[in-house]
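Thanks for asking me to look at this one. Here are my notes, in numbered points, to read alongside the structure.

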Amino acid sequence: MSFDFAAAIAARPSGDALASLVQAYGDPTIGSKPSTQRGWFTVSKTYAQRNLVQISTAELPGFPPFGVQHLDSITLHRLVAPVFRATWAELVRRGLNDKLRTFSGSFAPRHMGHDPRRAVSVHAYGAALDFDAAWNGYGVPLERMEINREVVRCFEECGWEWGGPWTGQYADGMHFQWTDGLRGVQQPDWRDAMARPAPAVTPVTTPESGRRVLLSQFGKPFVDIGGARVEIKDAASVVINATDPDKIQVRVN
């Protein structure tokens, strides 16, 4: 059964407004206790039981290690977990699930920048994940970030806010969060693309060529257009199936 990205994106909270985050994910600071680590705290059992779930990494083919350590599971908010599962499935479908080198964290009850004077991080709600932190630390300029851009695009198409375009010291190329785009951050044209219907491809009949071609828009069933001439606008790529040259996949943005 396919995941409804459109519904998930429509319900996604604002990343700029604390009230929106709390309304969607609950308040992790209620009943919390301070930690010995600066800027961190321990959420209450009530918050954890109501809102946090474990995802087994066995459900996520190719999921990267935490440093050198293999993890059996990761923790996310119960509303974000199904979105992440569907996003990872899309990475698998595109052959990108082995392009991230390390997992660097998800649920983390702390303040932004580990500074208790700042707002609570989206990680504290279980609504954010980090990858490849060693190559994409805070403040690393966008052009120097070393995270696979096809992976980034897949996350953005699925509805995630990427911290790469954030400016100055707030640039955060490791970071993905399940919120609307932040104010002042320019969003790519493909943001939320998984929620939009794929453009229609209209076949135009031509004399039979004797060759049968299967046309597919990514995420859509193959359509037999044997002998037909098809005009495709704004095609990003054409991939010839190496095992069957008569099967052509065309991705349309």
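1. A word on terms before we start: contact here means heavy atoms within 4.5 Å. With that in hand, look at F63, which touches T57, I74, F84, W88, F103 and F131 once residues up to four places away in sequence are set aside. Please keep in mind that this is a predicted model.

2. Staying with F63, the residue sits in the loop between β3 (52–56) and β4 (73–77). Is F63 buried or exposed? Its relative accessible area is 13%, and because buried means under 20%, F63 counts as buried. The C-alpha atoms of F63 and K99 are 9.4 Å apart, although 36 residues separate the two along the chain.

3. For the overall picture, the protein has five helices and 14 strands. Its chain has 253 residues, of which 42% count as buried. If you take contacts between residues at least 6 apart in sequence, 59% of them join residues at least 24 apart.

4. Strand β6 (residues 128–131) deserves a look from both sides. A128 and D130 are buried on one face, and L129 and F131 are buried on the other, so both faces count as covered, given that buried means under 20% relative accessible area. F131 is also one of the residues that F63 touches.

5. Which strands pair with β6? Strand β5 (residues 103–105) pairs with β6 in the antiparallel sense over two bridges. Strand β8 also runs antiparallel to β6, with three bridges joining them. D130 takes part in both pairings: its bridge partner is G105 on the β5 side and H175 in β8.

6. Following the chain on from β6, you reach D132 in the loop that leads to α5 (149–157). D132 counts as buried, at 1% relative accessibility. Leaving out residues up to four places away in sequence, D132 touches K99, L100, R101, T102, S104, E146 and I147. K99 is also the residue whose C-alpha atom lies 9.4 Å from that of F63.

7. Now for helix α5 itself. At its start, a side-chain oxygen of N148 comes to within 2.9 Å of the backbone nitrogen of E150. Within α5, V151, V152, C154, F155, E156 and E157 are buried; note that this list includes E156 and E157. Just after the helix, G159 has a positive phi of about 115 degrees.

8. S44 is another loop residue to check, placed between β2 (41–42) and α3 (45–51). S44 is buried, with a relative accessible area of 15%. A polar atom of the S44 side chain lies 3.0 Å from the backbone nitrogen of Y47. Beyond residues up to four places away in sequence, S44 touches I30, G31 and S32.

9. Finally, the second largest pocket holds about 520 Å³ of space. Among its 23 lining residues, M112, R118, W166, Y170 and L182 are the closest to its centre. Which element gives the largest share of the lining? Strand β8 (residues 172–177) does, with four residues, and β8 is also the strand joined to β6 by three bridges. By class, nine lining residues are nonpolar, eight are polar and six are charged.

Definitions and conventions
Residues numbered from 1 in each chain as written. Predicted model: local features only at pLDDT ≥ 70, side-chain atom pairs only at ≥ 80, totals over all residues. Heavy atoms only, no water. 1 Å grid on protein atoms, 1.4 Å probe; cavity = no way out; pocket = protein on both sides within 12 Å on 5 of 7 lines; lining within 4 Å. Points joined across faces, edges and corners; volume = space filled by probe spheres on them. Nonpolar A, V, L, I, M, F, W, Y, C, P; charged D, E, K, R; others polar. Buried < 20%, exposed > 50% of the residue type's maximum accessible area, 1.4 Å probe, protein only. Pairing = 2+ DSSP bridges. Polar contact = N/O pair within 3.5 Å; in protein donor to acceptor, adjacent residues only side chain to side chain.
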